[in-house]
Amino acid sequence: MEIVVNEWLLDYLRPDAEKSHNKLAVRFIENWVRGCYRVVIRKQSPFSKKLFDYMKQSEPSPSMHRPFSKLHKLLFRDSDKTLIVDEPDIKGLPEYLKVKTPGDDKYLVELSYSGTARVIVTTDTRLKDALQDEPHIKIYLLEEFLRENLPNS
């Protein structure tokens, strides 16, 4: 299964994140590493920018930098775990999807719509609500995804 994630993954890995959020992110990553799914990211995106910003901000502290450095290796150096999509490979959304999709989430939906990754894992209920009736894209909230797709992990 190929899935698109947004910035929740980065925010949940921050050292100042709630412990429950950090545990969810770790569970997600552990299953990803075990090969349960492949993450799809857009090379130029708010997600990539935030990852690089967090890596730079955390450099002075090795304990803070470590999770982002490990995630960076998974995302950008392991093609078995991650598919990176470049801008020329991004398809435009049909007009009805453009209208339904919240503005700051368009990049996720475009990414999902551009390939086989028709699954988006988010913590954004607004995005899920907006696209819940869309037959070609499945939107999971993080806890829902973990419960339904990784029940025994």
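Helices, as the word is used here, are DSSP runs of H or I that hold at least four residues and are numbered from the N terminus. In this predicted model, one such element is helix α3, which spans residues 46–58 and contains Lys50. The briefing below turns from Lys50 to the salt bridges, of which the structure holds 11, then to a patch of positive charge on the surface, and lastly to buried residues in helix α8 and in the loop between α5 and α6.

**Lys50 and its surroundings**

- Lys50, a residue of helix α3, has a relative accessible area of 24% and is therefore classed as partly exposed, since that class lies between under 20% for buried and over 50% for exposed.
- When neighbours within four places in sequence are left aside, Lys50 is in contact with Glu7, Leu10 and Asp11.
- Lys50 and Trp32 are separated by 18 residues in sequence, and their C-alpha atoms lie 20 Å apart in space.

**Salt bridges**

- Side chains of opposite charge can pair when their charged atoms come close.
- Arg38 and Glu2 form a salt bridge in which the closest N and O atoms are 3.2 Å apart, and this pair links distant parts of the chain, with Arg38 in strand β2 (residues 38–42) and Glu2 in strand β1 (residues 2–5), 36 residues apart.
- Within this pair, Arg38 is partly exposed at a relative accessible area of 25%, whereas Glu2, at 17% relative accessibility, counts as buried because the cut-off for that class is under 20%.
- Arg14 and Asp16 also meet through their side chains in a salt bridge, with a distance of 3.0 Å from N to O; Arg14 is partly exposed, with a relative accessible area of 24%, while Asp16 is exposed, with a value of 59%.
- Arg42 forms a salt bridge with Glu110, and here the closest N and O atoms are 2.7 Å apart; the pair again links distant parts of the chain, as Arg42 belongs to strand β2 and Glu110 to helix α6 (residues 106–113), 68 residues apart.
- Arg42 itself is buried, with a relative accessible area of 8%.
- Asp104, Asp105, Asp124 and Arg126 are joined into one network by salt bridges that share partners.

**A patch of positive charge**

- On the surface, a patch of positive charge is formed where Arg66, Lys70, Lys73 and Arg77 gather.
- Arg66, one of these residues, lies in helix α4, which covers residues 62–77.
- An α-helix has 3.6 residues a turn, so residues three or four places apart point the same way.
- Arg66 has a relative accessible area of 44% and is partly exposed; this value allows Arg66 to belong to a patch, because patches are made of residues with over 30% relative accessible area and no salt bridge.

**Buried residues**

- In helix α8 (residues 142–149), the residues Leu142, Glu144, Phe145 and Leu146 are buried.
- These buried residues of α8 pack against several other elements, including the strands β1, β4 (119–122) and β5 (138–141) and the helices α1 (8–13), α2 (19–33) and α7 (125–131).
- Thr101 is located in the loop between α5 (95–100) and α6, and this residue is buried, with a relative accessible area of 4%.
- Not counting residues up to four places away in sequence, Thr101 touches Leu93, Lys106, Val109, Leu127 and Leu131.

Technical notes. Residues are numbered from 1 along each chain as its sequence is written. This is a predicted model: local features need pLDDT of at least 70, side-chain atom pairs count only at pLDDT 80 or more; totals for chains, interfaces and linings use all residues. Side-chain values use heavy atoms; hydrogens and water are left out. Patches are made of residues with over 30% relative accessible area and no salt bridge: like charges are joined within 9 Å, nonpolar side chains (Val, Leu, Ile, Met, Phe, Trp, Tyr) within 5 Å. Accessible areas come from the Shrake-Rupley method with a 1.4 Å probe; for residues, only the protein chains shown count as cover. A salt bridge is a side-chain nitrogen of Lys or Arg within 4 Å of a carboxyl oxygen of Asp or Glu. Lys and Arg count as positive and Asp and Glu as negative; His and the chain ends are not counted. The place of a charge is taken as NZ of Lys, CZ of Arg, CG of Asp or CD of Glu. Helices (H or I, at least four residues) and strands (E, at least two) are DSSP runs, numbered from the N terminus. Buried means under 20% relative accessible area, exposed over 50%, partly exposed in between (1.4 Å probe, protein chains only). Contact means heavy atoms within 4.5 Å.
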